[in-house]
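Work through the exercises below with the sequence and the structure open side by side. Each task is followed by a solution that proceeds step by step.

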Amino acid sequence: MYKKILIILIIAGVITGAVIGYQRYQVETKNHSVELILDLQQWQKLKLPPGIDLASALKKYKKLGVTSLAITEQKLEDLEASGEIKLITDLELRMLKGITSVISQQQFKLTEDNFRELTYIFYRQQEIGHKIKRRLSDYLGKDKVIKAGKQLLAVKANQKQLSNFPIGFTAEQLNLARQSGLKVVPRFSNQAINDSKVIKSRFSDLKGLSRITLSQVIFSGTEVLGYPDFLPTTAALIEEYGLKLGVIEPFIAYQAGVNHLADKLGRNNIRVHSAKQQEFESLSVEKLTDRYLRAVRERNVRGVYLKPILKNKEGKTAIKLTDDFLSSLTARLKAEGYSLEAAEPISDFSSNLLFLFIINLAALAALFYLIEHLFISEFPLKIASRYKIIFFLISNLAFLVLIIQNYIFLNREITALLIAIIFPTLSLISILFPYIFSDKQFKKENSIQILFSIFLKSSLITLSGGILLIGALGDWHYILKIRQFRGIKLSFLGPIILVSFYYLHYYFWLNREKLSFNNLIEKSKDLLNRNLKLKDLFVLIFLAVVGIIYIGRTGNQPLIPVPKLEIIIRNWLEDILLVRPRFKSFLIGHPLLIMAIWLVLDRYRNLNISVLLGGLIGQITIINTFSHIHTPLWVSILRVGLGLVLGVIIGVLLIKLGRVLTKWGQKWRRELH
């Protein structure tokens, strides 16, 4: 009766998870607007054909489907490079014939040693001069910036420090956006921020633009504007100006404070994908298009940040290659049903607390059900069912306290981690282990049917865990990856440790008469005193390399990069299958599980545990695929389905190969004798 209650709770949780998954699918399918954003700073470097100016080119791109223009604050060094201003030190100024530094001495009362900290700024236009004076006064203080002549400012700061100060957006930048009809995406850096007033001053450049003209703000550099002390001011200004927050994918450019700021702004966030300028020069038009399309299709990216191709290659000019890239990308996005317009935040999506508690119950029910499998019939858990139920209720009380205390995200992530560890373990413990340690003989004509039955049941248990995990992380924070599934490496290691423990437990218990304590001690001594052979060394090295790769390639930021050959195979698979199944599932995990089941059914009961653990990797990967909540649900389902189908095909081929090799081996041994 106790086990039946646990199973009922698990089924209830799976149904609840499926309902949450359907709600998430509806949210994802409604969000099909994609915003194409051009980087003006890079586009100004593009060599245009004679007779075509940048404004005309931008209008042409708008007709293709480009939505917005990203404008970056100009620094003093940018203005100097364009010839708008000239920076010169006090020493350089005094060296010019017929000019003295009397002004600086009178105004700042500096000693000879301090002249190196004084910089003059010559400017052409009064408007630029006023703006520089106002902005530098905000950064340095009014007493350190004075007007020293008609078109001359004197600043008490060194030239190198001044060069990197952001001055703001220029009239030229804003006019280009207006003329082209593109929306504006302002880009602020977090330099020289020592007061919330400075942040307000930086945003004031946008006052001349209507809300309809503004789209989203994407910060530049490694920190968002206002980090760490003035994020509330930044959030308030983003809302005041009607902007959305563009969150660059962290593996492209991690920005400190972005998740905290995104959390303050609620759902008003857009996932943004970009690439470095070097990649635009090195990758082909087709590969660039594939990359951006993959980001939109597979990671819910809705802000596509684009740069031009600035070098001639493949027998084409830079402008021709850039036009081809934009035409290809817009055409393929439209073909897949995306609308090219300003990106919109996702709909409000968060599973209610009752649903979350049902998922909690199901996760703990699975844990207690797994514990029951440790105590086989020959070694039962001698605790009355009523006490087990009490322990179960006490455990659930901990999750209930987290909900009541409003630790909702902590609750979700603990539950998700529990599910990710338990269900792959349960898929083998409950289905395959009874066959491993059974003396039952199987008819060869039934073995294939039983093999597929075991594989299907194991995979269905893991898929049930995947549905529960979808329910546990059913919230928009995870779709936008503001929060994410924690403990990925633990979720990959946990099932392997548990299955190994269960395997040893079963083995030692069923062979307890042969394996006395003294016998085990003697065997352990023999093993430790054994001479290490070369083949043993190779095996240990191989296992160490496999372990390092297995752990190093997991997680949100893998330690081991993807080899070029694997990237080529990935691209090939995507071209054929639309969505690439994971290598760990269809090339390793599922085929090895098929092989492990075949070995068990063919009476190789003492199968190498490495084959069994290799098969477990496929089940772990199923759960891991569903833990990527920022990936659209249909992509995860298709990826898992393709992995299972291809894995079964490769597994069957391995069995056939194994049978052929076995026959050859038997024939070879007969001939030797």
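**Exercise 1. A helix pair and the cavity beside it**

Task: In this predicted model, establish which residues of H26 meet which residues of H27, and then describe the geometry of the pair.

Solution. Begin with the contact itself, in which Lys-584, Ser-585, Ile-588, Gly-589, His-590, Leu-592, Leu-593, Met-595, Ala-596 and Leu-599 of H26 meet Val-611, Leu-612, Gly-614, Gly-615, Ile-617, Gly-618, Gln-619, Thr-621 and Ile-622 of H27. Sorted by class, the residues of this contact comprise 10 nonpolar, eight polar and one charged.

Next, take the axes: those of H26 and H27 lie 7 Å apart, and the two helices pack at an angle of about 135°. Angles over 145 degrees would count as roughly antiparallel and those from 65 to 115 as roughly perpendicular, and H26 and H27 are therefore oblique to each other. The handedness completes the description, since H26 passes H27 in a left-handed crossing.

Task: Which residues line the second largest cavity, and which helices each supply at least two of them?

Solution. The lining consists of Arg-582, Ser-585, His-590, Thr-621, Ile-622, Thr-625, Arg-639, Val-640 and Gly-643. Helix H26 (583–601), helix H27 (609–627) and helix H28 (633–672) each contribute at least two residues to this lining. By class, the lining residues of the second largest cavity divide into two nonpolar, five polar and two charged, around a volume of about 40 Å³.

**Exercise 2. The largest cavity**

Task: How many cavities of 30 Å³ or more are counted, and which residues are closest to the centre of the largest cavity?

Solution. The count comes to two cavities of 30 Å³ or more. The largest cavity holds about 80 Å³ of space, and of the 11 residues that line it, Gln-484, Phe-485, Ser-627, His-628 and His-630 are the closest to its centre. When the lining of the largest cavity is divided by class, four residues are nonpolar, five are polar and two are charged.

**Exercise 3. A pocket, and a helix that helps to line it**

Task: Describe the second largest pocket by its volume, and then identify the element that gives the most to its lining.

Solution. The volume of the second largest pocket is about 640 Å³. Of the 24 residues in its lining, those closest to the centre are Gln-74, Leu-79, Thr-170, Ala-171 and Glu-172. Two or more lining residues come from each of helix H4 (76–81), helix H7 (126–140), strand S8 (166–168) and helix H9 (171–180), and H7 gives the most, with five residues. The classes in the lining of the second largest pocket are eight nonpolar, eight polar and eight charged.

Task: Helix H9 also packs with helix H3 (residues 54–64); at what angle do H3 and H9 pack, and is their crossing left-handed or right-handed?

Solution. H3 and H9 pack at an angle of about 45°, with their axes 8 Å apart, and they are therefore oblique to each other. The crossing of the two is right-handed. In the contact, Leu-54, Ala-55, Leu-58, Lys-59 and Lys-62 of H3 meet Leu-176, Gln-179 and Ser-180 of H9, which by class gives four nonpolar, two polar and two charged residues.

**Exercise 4. A cis peptide bond, and the helix that follows its loop**

Task: Which two residues are joined by a cis peptide bond, and in which loop does Pro-228 lie?

Solution. The cis peptide bond joins Tyr-227 and Pro-228, with omega at about 0°. Pro-228 is in the loop between strand S10 (216–217) and H11.

Continuing to that helix, H11 (residues 231–240) packs with helix H12 (residues 258–265) at an angle of about 50°, their axes being 10 Å apart. H11 and H12 are therefore oblique to each other, and their crossing is right-handed. On the H11 side of the contact are Leu-231, Pro-232, Thr-234, Ala-235, Ile-238 and Glu-239, which meet His-260, Leu-261, Lys-264 and Leu-265 in H12; these residues divide into six nonpolar, two polar and two charged.

**Exercise 5. An unusual backbone angle**

Task: What is the sign of phi at Glu-314, and where does Glu-314 lie?

Solution. Phi of Glu-314 is near 55°, a positive value in a residue other than glycine. Most residues other than glycine have a negative phi. Glu-314 is located in the loop between strand S13 (303–306) and helix H15 (318–335).

Conventions
Residues numbered from 1 in each chain as written. Predicted model: local features only at pLDDT ≥ 70, side-chain atom pairs only at ≥ 80, totals over all residues. Heavy atoms only, no water. Axes fitted to C-alpha atoms, helices over the stretch in contact; angles between N-to-C directions. Helix = DSSP H or I, 4+ residues; strand = E, 2+ residues; numbered from the N terminus. Parallel < 35°, antiparallel > 145°, perpendicular 65-115°, else oblique. Left-handed = near helix turned anticlockwise from the far one by under 90°. Contact = heavy atoms within 4.5 Å. Nonpolar A, V, L, I, M, F, W, Y, C, P; charged D, E, K, R; others polar. 1 Å grid on protein atoms, 1.4 Å probe; cavity = no way out; pocket = protein on both sides within 12 Å on 5 of 7 lines; lining within 4 Å. Points joined across faces, edges and corners; volume = space filled by probe spheres on them.
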